[in-house]
Amino acid sequence: MAGFSVVSLMKEDASVISRFIRHYAALGAERIFIYHDGPIDHLAAAGLVPGAPEMARVTLHACDADFWQDRIQRQPAHFEDRLRSAFRLGMEECESPWLFICDADEFIIARIPVQDALDRIPADLDSVLLAPVEAVWGPGDDLAEPFGSTWFRRMLPPGRKGDLTALRLHGPIGMVMRRGFCGHVQGKQFLRMGRDYDVVHQHWSTRDGKRISRFIAGVDPALGAALEMAHFDAIGLDRWTEKFRRRFSGGNVSVEMHWRRRWQMALIRRAVLTGGKWPRRLFARLYGLGPRQAAALEAKGLAFRMELFGKDAP
C-alpha cells in the first residue's frame, strides 16, 4: 500500500496539536512534520517533546528567525511565504510516496484506508485534492465547546445558483459566504514525492507553468466519497474570537484572501472589537445550523452528522 506523511505550518496550543497528531497517527501517517510558527516552550510543558510516546511519528521544528536563516538563509516576508517554505522543507524530509499538506484545523475523513485510496490514483497524476467539508454547529451542539461541532456542510454549487441557495438558507449573511462556506473551497492536496514541481501552494501545485492538481472526486467519484477533508474554520466560539483578535493585532497577516472573505473579516472585526453579545451572535450566524437549515442541507446530501473525535474517530 502507498504510505503517506503529513506536513503543516501551524501556530497552536498544545491541545490542538495533540489532537492533530493523534488523528493522523490513527489514519496511518508514517511521519508528521510540524513546523511551528514561533516558540514551542508551551508544547514542552504539555509533554509534546521528543521521546514522548505521542511524538513517536512527529518531527517538530520551532520556526523562529534563526531557524529560517539556517534553513533558507532568509526570513520569509509574509505568512504565505512561510507556508510554502515549510512545505518545501517537509518535502525534503519526507520518505513516504505521498505527502499531505494541510493546516492544524484540517482533518481527513477516511471511509476507507487512506493508503488504499492512494493506491488507486493514476500513475500520471501527482497532485490530488480532497474536497473540504466545513465543520458547523448544528442542533444540540454547544457553540462554546472546542471541536464540539458534529455537523459538516459540503459546498453548494458554484456561481449564481450557489449564491441564491446560500441567501435562502442563511439570509443576508450568505452574501459573505463562498459556495455556502466561510472558509476556503479549494481543498488540500496529496503530493506525490520524487517528482519536480514549480510551485507548491497550500491548495495546488504547478509544473511547467500549469496547475496539475485535480480533485479526487473528478478522478474517481467513489474515492471522492471515501475521502473528504474536515475543515474547522472555527474551532469554538472562544478560540474563534481569540484567533481574530490575534489576526487583527498583526499576528498572522494573509495577503491572499478572496473578496468574500474580506467582507467576513470586516464583520468579524466589528463584532470582536465591539465585544459583548456580538461575537456570539455573528459566530452562530456564520457557523451555526438551525434544525430547518440542517434538514434542508442533509436532504440534498450537502450536510451530514459525524462525531469525528468521538465514536466516528479513526
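**First stop: Arg179**

Select Arg179, in the loop between helix H6 (159–170) and strand S9 (188–192). This is a predicted model. Check the backbone of Arg179: phi is near 55 degrees, a positive value in a residue other than glycine. Now show the surface. Is Arg179 buried, exposed or in between? Its relative accessible area is 27%, so Arg179 counts as partly exposed. The band for that label runs between 20% and 50%.

**Second stop: Gln73**

Go next to the loop between helix H3 (65–72) and H4, and select Gln73. Which sign does phi of Gln73 have? Positive, at about 60 degrees, although Gln73 is not a glycine. Turn the surface on again here. Gln73 has a relative accessible area of 52%, so this residue is exposed. The cut-off for exposed is over 50%.

**Third stop: Asp81**

Step along into helix H4, residues 79–93, and pick Asp81. Asp81 is buried, because its relative accessible area is 16%, and buried means under 20%. Show the side chain as sticks. What does the side chain of Asp81 reach? The partner is the backbone nitrogen of Ala77, at 3.1 Å. Then display the surroundings of Asp81. Leaving out residues up to four places away in sequence, Asp81 touches Arg74 and Pro76.

**Zoom out: the whole chain**

Switch to cartoon and colour by secondary structure. The chain has twelve helices and 15 strands. Fit the view to the C-alpha atoms. Along the principal axes, they fill a box of roughly 50 × 40 × 40 Å. How does the radius of gyration sit with a compact globule? For 314 residues, such a globule would have a value near 20 Å; the chain has 19 Å, so the two agree.

Now look at contacts. Take those in the chain with a separation of 6 or more: 75% of them join residues 24 or more positions apart.

**Inside and outside**

Colour the chain by accessibility. How much of the chain is buried? Buried residues make up 53% of the 314 residues. Asp81 is one of the buried residues.

Add the full surface. About 14100 Å² is exposed, and carbon and sulfur atoms supply 52% of that area.

**Last stop: the charges**

Select the charged side chains and colour them by sign. The chain holds 44 positive and 38 negative charges. Mark the mean position of each set. The two mean positions are 9 Å apart.

Conventions. Residues are numbered from 1 along each chain as its sequence is written. This is a predicted model: local features need pLDDT of at least 70, side-chain atom pairs count only at pLDDT 80 or more; totals for chains, interfaces and linings use all residues. Side-chain values use heavy atoms; hydrogens and water are left out. Helices (H or I, at least four residues) and strands (E, at least two) are DSSP runs, numbered from the N terminus. The radius of gyration is taken over C-alpha atoms; the globule rule is 2.2 Å times the number of residues to the power 0.38. Buried means under 20% relative accessible area, exposed over 50%, partly exposed in between (1.4 Å probe, protein chains only). Contact means heavy atoms within 4.5 Å. Accessible areas come from the Shrake-Rupley method with a 1.4 Å probe; for residues, only the protein chains shown count as cover. Lys and Arg count as positive and Asp and Glu as negative; His and the chain ends are not counted. The place of a charge is taken as NZ of Lys, CZ of Arg, CG of Asp or CD of Glu. A polar contact is a pair of N or O atoms within 3.5 Å; within protein, one must be able to donate a hydrogen and the other to accept it, and residues adjacent in sequence count only if both atoms are side-chain atoms.
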